[in-house]
Amino acid sequence: MRKYEEGLVDIIEPPVKLIITSTGFFFAINVFTLPNDIKLLIFNLYKTSLIIGIFWALYRSEIIFKQFLEKYVYSKQIEIAVDFLPLFRKFIRAALIIFAVTIIIQEWGYNIGAIITGLGIGGLAVALAAKDTLANFFGSLMIIFDRPFAIGDWIIVADTEGIVEEIGFRTTKIRTFDKALVSVPNSKIATDNVVNWSRRDRRRIMCRVGATYSTPPASLKKAVTDINDMLVNHEKINKETIMVFFDEFASSSLNIFVYCFADTSVWAEYLAIKEDVYFNIMDIFQKHGISFAFPSMSLYHETDDESPLVIKQKD
């Protein structure tokens, strides 16, 4: 804190010297008898020096704001905001200068309304010409403050899916899984739905395992119980949601519904966990002598002796 106090003293010292000097000069000059026009001129000059001193102090104090802002964005790990800091500083400085000039002009008795009207018309023309740029800029601000994703995240936005490589002032660059680099305007990101797969803490495993119709009910029950126990005891399966049920009589199979979540968001790890679960299910079926069903069809053809001829076709 002492460091900031010493820095603040160094920053405001020149503006304070200007204010003290101009104040002393103003009171000293008032000792003399001067024409009213000269007194008015001196008074306006004094007010101008005070305004310049105050805004000069604010202008120089902006460095303190910059230090606090940098500390905040680094603590919150808002990477893109670091790139925007120079732009914010320029904006603040420009705003201070404009306010100071506006107040000084008004203090000298000029009609500031006409000037503002002219600037407003010109600003409208510029805004219309650069509306896409402004839209992208405000989209960038949304990314900074809302933080829907960060560099390295796997996202889907504006019909584009991939890994975020760069977040800029105008566009966000996404590397798709076929290695194409897509630049998505930030204005599009601000108005579109953003799906961030990297923010999830688990990934779903869902399948239906089909047993043949020749499977005894007792064996099917044991298989359902063993699959459920296997998932409960699996170190990489989340224990909050595990569902294993004999689900349906399908056209050519008795289906067991398996639903759970792998405790990872990394795709390669998820595939390895899912593979292990599927191999374990195969082992359980083999243990209970259950065969996996596959699509098949039986045709019945009646002969003249009224004995049906059965032809089985397997797909």
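Mentor: Two strands pair if DSSP finds at least two bridges between them. Keep in mind that this is a predicted model.

Trainee: Which residue in the turn of the β1 and β2 hairpin has a positive phi?

Mentor: Strand β1 covers residues 154-157 and strand β2 covers residues 160-167; the two run antiparallel and are joined by four bridges. Val-157 has Thr-160 in β2 as its bridge partner. The hairpin leaves two residues between the strands. The turn residue with a positive phi, about 55 degrees, is Ala-158.

Trainee: How many residues lie between β2 and β3 in their hairpin?

Mentor: Strand β3 spans residues 171-176 and runs antiparallel to β2, with five bridges joining them. One of the paired positions is Glu-166, whose bridge partner in β3 is Lys-173. Between β2 and β3, the hairpin has a number of residues equal to three.

Trainee: How many helices and strands does the protein have?

Mentor: The hairpins just described involve β1, β2 and β3, which belong to the strand count. For the protein, the totals are eight helices and ten strands.

Trainee: What share of the protein's residues is buried?

Mentor: A residue is called buried when its relative accessible area is under 20%. The protein has 315 residues, and the buried share of them is 31%.

Trainee: What part of the accessible surface belongs to carbon and sulfur atoms?

Mentor: The accessible surface of the protein is about 20,600 Å². The part of that surface belonging to carbon and sulfur atoms is 61%.

Trainee: What share of the contacts with a separation of 6 or more is made by residues 24 or more positions apart?

Mentor: Take the contacts in the protein with a separation of 6 or more as the whole. Within that set, residues 24 or more positions apart account for 62%.

Trainee: Which two residues form salt bridges with Arg-208?

Mentor: The structure as a whole holds eight salt bridges. One of them brings Arg-208 together with an aspartate at 2.8 Å, N to O. Another has its closest N and O atoms 3.7 Å apart and pairs Arg-208 with a glutamate. The two partners are Asp-247 and Glu-248.

Trainee: Which strand holds both acidic partners of Arg-208?

Mentor: Arg-208 sits in strand β6 (residues 203-211), and Asp-247 is 39 residues away from it in sequence. Glu-248 is 40 residues from Arg-208, so that pair ties together separate parts of the sequence. Asp-247 and Glu-248 both lie in strand β7.

Trainee: Are Arg-208, Asp-247 and Glu-248 buried or exposed?

Mentor: Values between the 20% and 50% cut-offs have their own class. Arg-208 has a relative accessible area of 47%, Asp-247 has 34% and Glu-248 has 33%. Neither word fits, because these values place each of the three residues in the class partly exposed.

Trainee: Which lysine forms a salt bridge with Asp-226?

Mentor: The N to O distance in this bridge is 3.5 Å. Asp-226 lies in helix α7 (residues 217-233) and its partner in helix α8 (residues 267-287), 61 residues apart. The partner counts as exposed at 60% relative accessibility. The lysine is Lys-287.

Trainee: Which residues do shared salt-bridge partners join into one network?

Mentor: A network arises here where salt bridges share partners. The residues joined in this way are Asp-201, Arg-202 and Glu-240.

Trainee: What is the area of the nonpolar surface patch that includes Leu-41?

Mentor: Leu-41 belongs to helix α2 (residues 36-76). Residues in a patch need over 30% relative accessible area, and Leu-41 is partly exposed at 39%. Leu-45, Trp-108 and Tyr-110 complete the patch, whose area is about 420 Å².

Trainee: Thr-215 and Ser-214 are both in the loop between β6 and α7; which one is buried?

Mentor: Ser-214 has a relative accessible area of 64% and is therefore exposed. Its side chain makes a polar contact of 3.0 Å with that of Thr-212. The other residue is at 9% relative accessibility, which means buried, and that residue is Thr-215.

Trainee: Which residue's backbone oxygen does the side chain of Thr-215 reach?

Mentor: Leaving out residues up to four places away in sequence, Thr-215 touches Leu-220, Leu-254 and Ile-290. The side chain of Thr-215 also reaches a backbone oxygen at 2.8 Å, and that oxygen belongs to Thr-212.

Key: Residues are numbered from 1 along each chain as its sequence is written. This is a predicted model: local features need pLDDT of at least 70, side-chain atom pairs count only at pLDDT 80 or more; totals for chains, interfaces and linings use all residues. Side-chain values use heavy atoms; hydrogens and water are left out. A salt bridge is a side-chain nitrogen of Lys or Arg within 4 Å of a carboxyl oxygen of Asp or Glu. Buried means under 20% relative accessible area, exposed over 50%, partly exposed in between (1.4 Å probe, protein chains only). Patches are made of residues with over 30% relative accessible area and no salt bridge: like charges are joined within 9 Å, nonpolar side chains (Val, Leu, Ile, Met, Phe, Trp, Tyr) within 5 Å. Accessible areas come from the Shrake-Rupley method with a 1.4 Å probe; for residues, only the protein chains shown count as cover. A polar contact is a pair of N or O atoms within 3.5 Å; within protein, one must be able to donate a hydrogen and the other to accept it, and residues adjacent in sequence count only if both atoms are side-chain atoms. Contact means heavy atoms within 4.5 Å.
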